[in-house]
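Colleague: I should like to go through this model with you, beginning with the strands and ending with the domains. Please explain the reasoning behind each answer.

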Protein chains: 2
Amino acid sequence: MVNETQHSCSASSSSRSDGGGSSSGSESSKDNSRCSTPVLDADRHERLREKMRRRQDAGDKWFSLEFFPPRTANAAVNLISRRVLQAGGPLFIDVTWHPAGDPGSDKETSSMIIAYTAVNYCGLETILHMTCCNQSKDDITGYLQKAKRLGLKNIMALRGDPAGEEWEEEVDGFNYAIDLVKHIRNEFDDYFDICVAGYPKGHPEAESYEADLRHLKEKVYAGADFIITQLFFRPETFLKFMKDCQAIGITCPIIPGIFPIQGYHSLRQLVKLSKLEVPQEIKDVIEPIKDNDAAIRNYGVELAVSMCRELLDSGVVHGLHFYTLNREVATTEVLKRLGIWNEDPRRPLPWAVSAHPKRRVEDVRPIFWASRPKSYIYRTQEWDDFPNGRWGNSSSPAFGELKDYYLFYLKSKSPREELLKMWGEELTSEESVFEVFTCYITGEPNRNGYKVTCMPWNDDPLATETNLLKDQLEKVNRRGILTINSQPNINGKPSTDPIVGWGPSGGYVFQKAYLEFFTSSEIVRALLKVLRRYELRVNYHIVNVKGENITNAPDLQPNAVTWGIFPGREIIQPTVVDPVSFLSWKDEAFALWIEQWAKLYEEESPSRMIIQYIHDNYYLVNLVDNDFPLENCLWQVVEDTFELLN
Amino acid sequence: MVNETQHSCSASSSSRSDGGGSSSGSESSKDNSRCSTPVLDADRHERLREKMRRRQDAGDKWFSLEFFPPRTANAAVNLISRRVLQAGGPLFIDVTWHPAGDPGSDKETSSMIIAYTAVNYCGLETILHMTCCNQSKDDITGYLQKAKRLGLKNIMALRGDPAGEEWEEEVDGFNYAIDLVKHIRNEFDDYFDICVAGYPKGHPEAESYEADLRHLKEKVYAGADFIITQLFFRPETFLKFMKDCQAIGITCPIIPGIFPIQGYHSLRQLVKLSKLEVPQEIKDVIEPIKDNDAAIRNYGVELAVSMCRELLDSGVVHGLHFYTLNREVATTEVLKRLGIWNEDPRRPLPWAVSAHPKRRVEDVRPIFWASRPKSYIYRTQEWDDFPNGRWGNSSSPAFGELKDYYLFYLKSKSPREELLKMWGEELTSEESVFEVFTCYITGEPNRNGYKVTCMPWNDDPLATETNLLKDQLEKVNRRGILTINSQPNINGKPSTDPIVGWGPSGGYVFQKAYLEFFTSSEIVRALLKVLRRYELRVNYHIVNVKGENITNAPDLQPNAVTWGIFPGREIIQPTVVDPVSFLSWKDEAFALWIEQWAKLYEEESPSRMIIQYIHDNYYLVNLVDNDFPLENCLWQVVEDTFELLN
C-alpha cells in the first residue's frame, strides 16, 4: 500500500523528543539510523502526516488555515507577512488553485508562488491545491515537478469544476480526483503527502451518500494520506460522516472543514458554489440581521465556537481546518475562544526557519541578516547544503546577488510618500540622518510628527530584545553611531524566557553582546585606537563600501554569538559573526542606502547627495564582546571613542 | 625551491591566533580559503617547520628531545607513557634509527613503531631518523611509504655508519645524506619536513671544516628544512658554526644539539662514537670524580645550563635539542633551570589529542573512553574522517574490535602480582569488589596494606578533577555503585582554570555532571523508579552485557557534556555522551572485568566466579544532569535510590 509511512530519520521515536519514556532494544540498536544533525525540533524533520500523527498521539489539538491567492502583488505581500499566515501557530496552511488564474505560473500572485513563499520564506508547512479536470497529464506532471523543485511537499488533489456546462469523461484523462492521486503516486512515488476532499453530506453530483463514501475510500486506498472535508453546518453532520467512513474501512485522519460565517453575501456565494443547503435555524437568525455585518460575524463566531467545541469534545477530532476567505478576524476569534490559538509560539531557533526540505538541517546563520531574513533566504536559495552545527564547516559561502530590490517579497511594504515622511522630505546634513536613526530607536515622532517604524535595514519595528538596549542605542545614534543591528549579552537564561528564549524547554540560552553600525571615518580612527585597549576581549570588523577592511578575527574564523544548551542534545549555535560573509553583507548594507533611501529624492538634490556621501565615506563596523558573563563593554568602547574625540 | 613553505590553511595568519593585529584586504578576501573547522589550536594544523617559525616570530624559546628505541616491550611501554615523552612540553621528539635493530619493522620496539606511537597515541610532533647507507632505493621508499601511512611527517635524513670497515661509494646508491634528501623530495614531493645533521666542528670524515659547511649547504639546498647539530662542548663552537653557515647562505633554522653529561661512561662512549674530543678543562673536572655519578651529573647539569644560557642569550638560538639517552633527570633539571620547562602545558582540549594528520580536525569524542584514550584511538584508527563540531554529524560510528588486550601500548603497565595485591589475592564476595573500587577512590591502602593505583577501566591514578567528587564517590562505591567515570558540573570557569580549564585563554568552559558505574539489577530497578522524578533533568542509559538497554535520550541523540566558549571562535564541544557509541563502549567495559581482572585467578576459583557473576549480571549505567547551572543532582538520585531500597 502506498500510504504506509516511510519513517524519516527522526520519526521513529519522535514522540519521545522531550524526554519521557524510554526505548529499549538489543545490540542491534547500534545500527539504528539517526539524524546526521541534532533534532532540535522534530517538526522540521517530519512530513505533514507524521506531524499530524504525533500531535494526535500527544493529545495536542491543532488547527490549519485555508487561503486563496490574492489578486494583487501588494495584497500578496500583506498576506505573506508573518503576522497573517503564521499567527497563532497553524499546523499547516493551504493555498487554493484556480485554473483560470494561471495558478502554476511564476506570477507573484499564482497559487504556486504563494505556496512556495509560505514554505520557503515564512517557514510554514503548506498544502498546494491542484485540480486536474480538463488538464493534460503533461501539464499536471509539470506542475508537480515545479512544486517539488520549489520545496512543496503536500498536494490537495481535487477534480475541480469542469470548464463547460456539460461535462463528459475523457478516456485516459483526469476525470476524478482519484486519477490525480494515482498519477501523483505513479510519477512521484511517496514524495508528496496527498490530501483529498470529503463531503459530509455526500458530493452533490454523486449518485448517493453511500456511493460517495465508496469513492472516498477508493481515493484513500489509491494513496491519499488524509481527508479535509467540505464545510458543514451541524457537528452531527461531521460526526456521522466520520463514523460512516470508519465503518467502511477509511482509517486515515479526517479533518473537519470549518467555515465561520462572516457575512451575509459571502455565505450566500459559498453556499451557491458548494451546492449546500443552509439549515433553516441558521437562516432564521441571519435573515433579520443581514445588513448588520458585525452582528452576523458575532453570530458566525458563536456558531463556529459551539460547533468546534462539540467536535473536539467528541474525542475523535484532533484538528480543525478553517476556510478563512483570507480574512483573519473571525477565525482568530474562534481559535482564541477555543483555546487552541497559540499567542506566543515557541521559537525553535532565534531566527525564523524556512520549511524548504533542503534547509531542514540549517541551524546556523550569520547575524548580519537578522532583520532581513527573507533577503538571506533569497541570496542563499541556490546553495546545495546549508550549514549546520558549525558555520565554518561549510566552505567559503557564495551569496547570490540581490539584483532586484523590488522583488515582491523583499520590497519595502511602505509606499514612497510614507517613507519620505519617516525618513525626511528634505535632509539638510548628516545630522538629519542621525535624527532618523534616533527616532527609529526611541519610537518618538520625528520633527514633522511622524514615527519612524522601519528603516532600510529593518523591515519590522524594533525587536523586543533590542528594547533592552534602547537607552544606550539612543545615545550613540544621536552622535553618529548609526546602529542597524545589536543584541545584548545573555549568560544562561532559561530557554523559555519570553524575550530571549528559543528552542525546547529545559535548556539555557547564551549570547555575546553585538553591535553593528555605520559611522564616519573620523570616529573609526578614534575607535581603532580605543579598541587596542580591548584587544583580547572585543572582536571587530570594519569595512567601507570599497571593501577596505580591518579585523582582528583569528584566522578569519566565525565567532558564535548565540548558543543554547539543551537536555540530551549537542550544542546549538544558531548565530555567528562571520568575517567572510560580512563582506557580502556589506555590499547589501551599503546598497540599501542608495536603493531604498537616496532614490527617494531627485537626482542631484541635496538630500540625495547627503545619503550618497554617507554611502561613499562611512564605514560599516561590527563589534563583539567575548566576555559574555561580564557587563557588556561595547558601550564603554563607544564612550571611550567619543572621549578620545573631544 | 622545494623547501618553500606551502601554507596550510591556518598558517597564513596563525601568529595572530590569539587576537592582536589585524588583517586587511579588499573584497578578494571573500575568496580567502579558511579552515573547514575552527582552529582552536594552530599547532595541530601546522607542519613542524611552520611551528618553529611561529615560535621564533613570537619570541618563544622551545626545546626538543631525542630518544632511542628501547630494547624491550616493557621499556617501550614505559617510554611512551605520557609522563616521559611529553613532560615539559617539547616542540618535538625524535627517534633514532639503528639498521641492526630492524628499525622499520612492526616490532613493538622498532623505531618506526615507537615514532608512530608517539605521534598517534601521545600526540607528539615526532621526527623519525632514517639512515640510507647500504640500503636499496626500494627499501628506503618502502620505509618512507610506511612512515607516511602511519602518520609520520618528519624525517631526519642521515647517512649512517657504513657496515664494513672500509667504505666505498656505490654508483647510483645512497652514499651521503644528501642522496636521501633528494630521494625524499623526488618521491614524496613536499610531504615530509626534512631535517639534516650539522657538525659544529666539521664532520670527522670531511676534508675540511669549510668543505663540510659546503656539503651542509648542498643538503639544505637539496630540500632540507632545518638542521640539528651534533653535540659540542663550548657555546662559542656553535655560535661560530652558525655564523659560518649564514655567511655561505644557509638560512634555515639551525638547532644546537645539547648533551648534558650524565655519567663518566656514557660520555666516553658517546665521544668515541662521535669522534669528538672532550676539552681539557672538562676532563680536568671529571676525572677526579669519575666514580661519583651524582657529582658528575651535577657538574653536567651545571655545564649544560651555562652553555644553554649563553646560546639563548646570543639572540640567534631559539630552540635547544637534547640528547637524552632516554634518561630524563638531567635534561629535566637543565630545562627547569633555564625556565623553558612547562610545568603545566595548557590542554588544547580536555582530552589528549593525537598528532596523526588524519585526526587533526578531530575535536569531539564520547566521554566513555576518557580514561582509556589509547584504546579509543586504536579502535577508531581505521576511520576516514573524524568527528568535528558535532559528533552527530558523522554517520553511525563503527568501532574496531579491541581484539588483543595485550597490544603493547594498551596493556596494563602493572604485572600480575602487583594487580593481585591491589585488587585482592582472593575475593570472597561482591563486597570485596566494592572495597577495591572504594580504595581506588580514597587512595587509602586496602586491607592488605596496598594502595589501589589503577583499575581495569583507568590506566592512571584518579584525575585531579575527579578529586572534586571524592567524598561522594567513596560513599556510593561502598554501597555497590561501582563508578568508573565521572565529572562534576562546571558553569563557566575561565579556560585557564588549572583543574578544569582547556583551550586558548580568554574563554569559558562548561560541563554537565556525569556519572558512570556498574551496579546490580536490584539497584537498577530502584534507580529507574527514582529517575522518573528527574525525567526532564537527567538523561540516563542503562545496559547489561547482553546489550539489553534502556535510555531516555531523545532520538538517540548525543548529549554534549563538555563545551567551551572562546573569543572569536565557534563553540567547541569536545565531549559527548552518545547513546550509540555507549553500546560499543559497554562491550569493552564488560570485557575488561574478564580480561583484566577475572583472568588473574584460576578458572573455577571463587574469586574468578565472583567477577564472572558481576560481568554476567550487573548493569553499566550512565547519568547526565542537564541542569549544569544548578547543584549536581546525581548524588541525590543515588541517595533516593538507596532510600527506596531500605
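Colleague: Which residue in E6(B) does Ala157(B) stand opposite?

Modeller: Please bear in mind that this is a predicted model. Strand E5 (residues 154-158) of chain B and strand E6 (residues 193-198) of chain B run parallel and are joined by four bridges. Within this pairing, the residue opposite Ala157(B) is Val196(B).

Colleague: What is the bridge partner of Leu128(B) in E5(B)?

Modeller: Strand E4 (residues 126-131) of chain B pairs with E5(B) in the parallel sense, over five bridges. These two strands, together with helix H5 (residues 137-149) of chain B, make a right-handed β-α-β unit. In E5(B), the partner of Leu128(B) is Ile155(B).

Colleague: Is strand E5 of chain B largely enclosed or largely open?

Modeller: In a regular strand the side chains alternate between the two faces of the sheet, so each face should be examined. On one side of E5(B), Asn154(B), Met156(B) and Leu158(B) are buried, and on the other Ile155(B) and Ala157(B) are buried as well. Because five of the five residues of the strand are buried, E5(B) is largely enclosed by the rest of the structure.

Colleague: Which residues touch the most other members of the largest nonpolar core?

Modeller: In soluble globular proteins, nonpolar side chains tend to be buried together. The largest nonpolar core here has 165 residues. Those touching the most other members are Trp457(A), Trp593(A), Trp597(A), Trp457(B), Trp593(B) and Trp597(B).

Colleague: Which residues does Trp593(B) touch, not counting residues up to four places away in sequence?

Modeller: Trp593(B) is one of the residues with the most contacts to other members of the largest nonpolar core. With residues up to four places away in sequence left out, Trp593(B) touches Val433(B), Phe437(B), Trp457(B), Leu482(B), Phe518(B), Ala598(B), Ile611(B), Ile614(B) and His615(B).

Colleague: How far apart in the chain are the partners of the salt bridge between Asp106(A) and Lys146(A)?

Modeller: The closest N and O atoms of Asp106(A) and Lys146(A) are 2.6 Å apart. This pair links distant parts of the chain: Asp106(A) lies in the loop between strand E3 (92-95) and helix H4 (111-120) of chain A, Lys146(A) in helix H5 (residues 137-149) of chain A, and the separation is 40 residues.

Colleague: Is Lys146(A) buried or exposed?

Modeller: Its partner Asp106(A) has a relative accessible area of 60%, so Asp106(A) is exposed. The relative accessible area of Lys146(A) is 14%, and the cut-off for burial is under 20%. Lys146(A) is therefore buried.

Colleague: Is Asp640(B), the partner of Arg533(B), buried or exposed?

Modeller: The salt bridge between Arg533(B) and Asp640(B) has its closest N and O atoms 3.1 Å apart. Its partners are 107 residues apart, with Arg533(B) in the loop between helix H18 (521-531) and strand E15 (538-544) of chain B and Asp640(B) in helix H21 (residues 634-645) of chain B. Arg533(B) is exposed at 58% relative accessible area. At 10% relative accessibility, Asp640(B) counts as buried.

Colleague: How many salt bridges does a search of the whole structure find over all chains?

Modeller: Among them is the salt bridge in which the side chains of Lys586(A) and Asp587(A) meet, at 2.6 Å from N to O. Over all chains, the search finds 58.

Colleague: How far apart do the C-alpha centres of domain 1 and domain 2 of chain A lie?

Modeller: The domain assignment of chain A gives domain 1 as 57-162 + 172-338 and domain 2 as 365-645. The C-alpha centres of these two domains lie apart by 41 Å.

Conventions: Residues numbered from 1 in each chain as written. Chains lettered and ligands numbered in written order. Predicted model: local features only at pLDDT ≥ 70, side-chain atom pairs only at ≥ 80, totals over all residues. Heavy atoms only, no water. Buried < 20%, exposed > 50% of the residue type's maximum accessible area, 1.4 Å probe, protein only. Pairing = 2+ DSSP bridges. Right-handed = clockwise from strand over helix to strand, strands pointing away. Core = buried A, V, L, I, M, F, W, Y, C linked by side-chain atoms within 4.5 Å. Contact = heavy atoms within 4.5 Å. Salt bridge = Lys/Arg side-chain N within 4 Å of Asp/Glu carboxyl O. Domains from an automatic or database assignment.
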